[in-house]
Amino acid sequence: MAEEITIKVGFGDHFRDLTVRLQDGDIAPWQPDQQLDVVGKRLPRLDAVAKVTGTAKYAQDQNPAGMIHGRILRSPHPNADIRSVDLSTAKAMPGVRATLTVPEVFEDSSARFAGAEIAAIAADTEQQADAAMRAIQVEYEIKDFCVTIDTSMQDGAPQVGRGDQKNVQRVSPRSRGRRRGGNANPGADQQVLDRMAAREKEVSALLAASDVVVEGTFRTQVQTHAPFETHGAVCSWEDGQLVCWASTQATFGFRGELTSNWGQVKASECRVLSEYVGGGFGSKFSAGREGVIGALLAKQAGVPVKMMLDRSGEQTSAGNRPDALQKMRMGVNKDGVIQALQIRSWGTPGSGTGGAGAHNDGIYKLGEVDKVEYGVRTNCGGARAHRAPGWPQGSFALEQMMDMAAHSLDGIDPIEFRKKNDDHPIRVAEYDIAKERIGWNKARVRGGASNICTGVGIASNLWFSAGGGGASALVRIAKDGSVEIRNGAQDIGTGTRTVMGMVAAEELGIPLDMVSTRIGDTNDPQGPMSGGSTTIGTLTPAARLAAHYAKKELLAVVADRKGWDPTDLDIRKARVIRNDGSDTGLSFHDACQLMDDDAIEVLKARPRRNYAGFSDTNAGVQAAEVEVDMETGVVRVKKVVAVADAGKLINPMTAESQVRGGVIQGVSYALTERRIMDRHKGRMLNDDLENYKILGSLDCPEIDVVLVDVYNGKSNTQVMGLGEPPIVATAAAVANAVADAIGTRLFEIPITPKKVLEAIASKKAPDPADKKKGARL
Amino acid sequence: MDKKPEEPPEGVSRRLFLKGAGVAAAAVSVAQLPSDVQATSGAEDEPTILGPGPVPIQLRINGVDGQAEAAPSTTLLDFLRDHQGLTGAKRVCDRGSCGACTVLLDGRTVDSCSMLAIDAVGSEITTVEGIGTPENLSDLQQAFIEKDALQCGFCTPGMVVSCTALLKENPTPDREQIRRGISGNICRCGTYQNIIEAVEHVSRKGGK
């Protein structure tokens, strides 16, 4: 059954043949010489009209009959045990219909950050719920706390966790014999420790033997996701079935949590509806406590409950990108080849220790790497996956090390140095595009030579997003000529719905406006979560297959009625044509009318595995140009060139938007965003959008996006996602550009005017002795 | 009694003092207030006490009179969303720093989360729904669609309203003026450049 075909894979001038054994009834990927009518076109998003007119209904906009309002009481203390929660007064307050406590529902009596959930109330109005919340009496046992990794790592620091949980836990290489949230088992861990010691010795020797060693200590801050629509859902029980209009980036995951026997809700049936979602950026994979609380309050109240977080709850409790402290040493030889890299890094995911890793040992050929990484517990809101988890913080350190190494080698150009240590088949072609478009070699007033200095910087990215199994799509062609494609996944603003529709339209041979799309409903076929930039890589091959087989069924009907050969028929531009391109005289609509049934419905799953393809990863290069005022320390990012690839581009316009968005969040991360914790009270001080600074229109650079279309052959659509890759390199490129502009380097983001001025003030005269060995800075 | 209107008393019981900062707006609007909302004491200098229970509030929204019973403490945003079913304007920061709740009040942009519905009595309110409909899009909305000036779409209604106001004030803004014009609106997905292009597109075509 498996058919073997030869396809072309590659991009630009780099194509080669690849033999592929098609699996599970799959069809051949589109080929470079193939004329496509829909795919590859800059088409407006299908949900744009609803969004620009305010008619798109998000979870926050739902208002089912009888709906009441939920509120969560949060801990004001950063580290406390909940002794008791007294709801008696609150329950008697006007309008209160349901209450619960976190110790009862979640069996968790610890509040390990200021903002931790304590209890919840649902009342007829928001004001009533607020008033009742103030009447809840909680008795806390207050403990000392740590809200920074520096305090948490000190000897004798207050314990963040409970039981025997240590504040600092090695997370890579993985501890042996470690139980959930616990410490390593010393006996079982000895082997790992031995291997680590051997590795350290080996890499230290390589560093000592290298011509040049550069080293640096880098710090990145905690960034919050701050999606505009907060987390939560409107929950309603209808005849025993739970319906949740949820703000989620995983409709099926959300349903799974509420129906699971291990969860708190245990609904026998649950339907999650998320047609529009106001952003997620990695923070909305789980139903979260707020989702569970909403469902339970609605059950108790017997009416629908709206349980959306307020902004403070969102900023403190709904996830963040962990900070990082990274110490690195890199050994390089005079020929420009990296020999070895030593990394020690620490980061805080809040009260746990997992998930705070920094990806600082990838992208380039780095020689032998000795890396040890620690998670550090702090009494802060928990981290969650945040757009390319670990990568922007890792890139910030690694890419500056790359520049420092290049400069230490008698000024080898940073781009040439990267090329020497890079073998990515796509990225090697992307450097020159970035170099040319940013004007890399243009004369600039740099190095702190004037009051206003400019500089350029470069950095790379890498991603793995061809998708995988786990999606089905249903295509329905009705007798009246209408076409619908359905998949239950959500579109969090990335353009998933539009791309799914475009793939189906292309395959069916009809324009996009003849296809209607249905998404964000778990009653429809299984779809992926919006994570890992794999959504469309996972979804679109299923969409294309369903469309393909639906078209075949339609053409079989046509062939049968007309006495034609079905293998000689196809549909193009809404006309039924023959293989030689001639028109049969039938339109798509005519063909549909030949059906006996009301409709053809085809449900197809995506093949589980991907083909070998051209490259397993997508790459990218970004170059930034900055202007620094040497007197005020203000950094302005003037321009960012973002060269990006993501397999075959379905819609270059929405792809471009993803890249621009990633760059803007990256600049925001580099210059302004920062969670600020009060050292004395242990609370987040900027749990709003006023003091938590997100880049605005006045600070937004010009962004020049260059998309490289790659026929990667990994699936029938060859699509790779593009949500995460564009944020990886931005802060690093900006930091390198700032160093170029002011002639000294900043090792910490956000790059505030204060830090710039301090760096300029502490800039020491270059010591010629530094040049041979050691860091330039 | 608490005499300082800028420090409202704690708790659910709210009093509205038509004094101090609110007096100008009140003087204009009181005539349009339904009779049972108007001051019952009769004396001009006596404070009018409304609430905490619901009172009838009538606002002119998108050219239509919309009436509902709402607590006097209801913000304009909540009145639009919860009492009129106009959910285009969004509650995002809830304190006037992000612009997602932007509406027009007599042609000028306001953060509807940060003003009371009763303070909008007598004014002409325009929400995103009043700027254009799916069947009858404004030129700007059309340009937003064509330039992909939206991603998740949650800031989009506020952006559309702000850009509409900007173009009304200055039909041919340059890039810097557009940036300034939308500087009160934050977009988390990062659509600023596309929005600027959309406004420029409309400006070039002489539309609105």
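Glu275(A) is partly exposed in this predicted model, its relative accessible area being 38%, and its side chain meets that of Arg497(A) in a salt bridge with an N to O distance of 2.8 Å. This pair ties together distant parts of chain A, since Glu275(A) sits in the loop between strand S14 (269–273) and H8 while Arg497(A) belongs to helix H13 (residues 496–508), 222 residues apart. Arg497(A), in contrast to its partner, counts as buried because its relative accessibility is 6%, under the 20% limit. Over all chains, the structure holds 63 salt bridges, and the points below take up some of these together with a helix packing in chain A and the make-up of chain B.

**Salt bridges within chain A**

- A salt bridge joins the side chains of Asp108(A) and Arg289(A), with 2.9 Å from N to O.
- The two residues of this pair are 181 residues apart and lie in distant parts of the chain, with Asp108(A) in the loop between helix H3 (102–106) and strand S6 (110–111), and Arg289(A) in helix H8 of chain A.
- Asp108(A) has a relative accessibility of 17% and therefore counts as buried, whereas Arg289(A), at 22%, counts as partly exposed.

**Salt bridges involving chain B**

- Glu197(B) and Arg660(A) form a salt bridge in which the closest N and O atoms are 3.3 Å apart.
- Because Glu197(B) lies in helix H7 (residues 192–205) of chain B and Arg660(A) in helix H16 (residues 652–671) of chain A, this pair joins two chains.
- Arg660(A) counts as buried, its relative accessibility being 7%.
- Salt bridges with shared partners also bring Arg71(A), Glu126(A), Asp130(A), Asp78(B) and Arg91(B) into one network.

**Packing of H7(A) on H8(A)**

- Helix H7 (residues 251–259) and helix H8 (residues 288–301) of chain A pack with their axes 11 Å apart and at an angle of about 55 degrees.
- The two helices are therefore oblique to each other, and H7(A) passes H8(A) in a right-handed crossing.
- From H7(A), the residues Phe254(A), Glu257(A) and Leu258(A) meet Gly288(A), Gly291(A), Val292(A) and Ala295(A) of H8(A).
- By type, the residues of this contact divide into 4 nonpolar, 2 polar and 1 charged.

**Chain B and its helix H2**

- Chain B has 7 helices and 5 strands, which follow the pattern α-β-β-α-β-β-β-α-α-α-α-α along the sequence.
- Of the 208 residues in chain B, 51% are buried; among its contacts with a separation of 6 or more, residues 24 or more positions apart account for 51%.
- Helix H2 (residues 76–83) of chain B is mostly covered, with 6 of its 8 residues buried, namely Leu76(B), Leu77(B), Asp78(B), Phe79(B), Leu80(B) and Arg81(B).
- The elements that cover these buried residues include helix H4 (126–134) and strand S15 (305–308) of chain A, as well as strands S1 (55–61), S2 (64–70), S3 (102–105) and S5 (124–126) of chain B.
- Asp78(B), one of the buried residues of H2(B), is also a member of the salt-bridge network described above.
- Just after H2(B), Gly85(B) takes a positive phi of about 70 degrees.

Key
Residues numbered from 1 in each chain as written. Chains lettered and ligands numbered in written order. Predicted model: local features only at pLDDT ≥ 70, side-chain atom pairs only at ≥ 80, totals over all residues. Heavy atoms only, no water. Axes fitted to C-alpha atoms, helices over the stretch in contact; angles between N-to-C directions. Helix = DSSP H or I, 4+ residues; strand = E, 2+ residues; numbered from the N terminus. Parallel < 35°, antiparallel > 145°, perpendicular 65-115°, else oblique. Left-handed = near helix turned anticlockwise from the far one by under 90°. Contact = heavy atoms within 4.5 Å. Nonpolar A, V, L, I, M, F, W, Y, C, P; charged D, E, K, R; others polar. Salt bridge = Lys/Arg side-chain N within 4 Å of Asp/Glu carboxyl O. Buried < 20%, exposed > 50% of the residue type's maximum accessible area, 1.4 Å probe, protein only.
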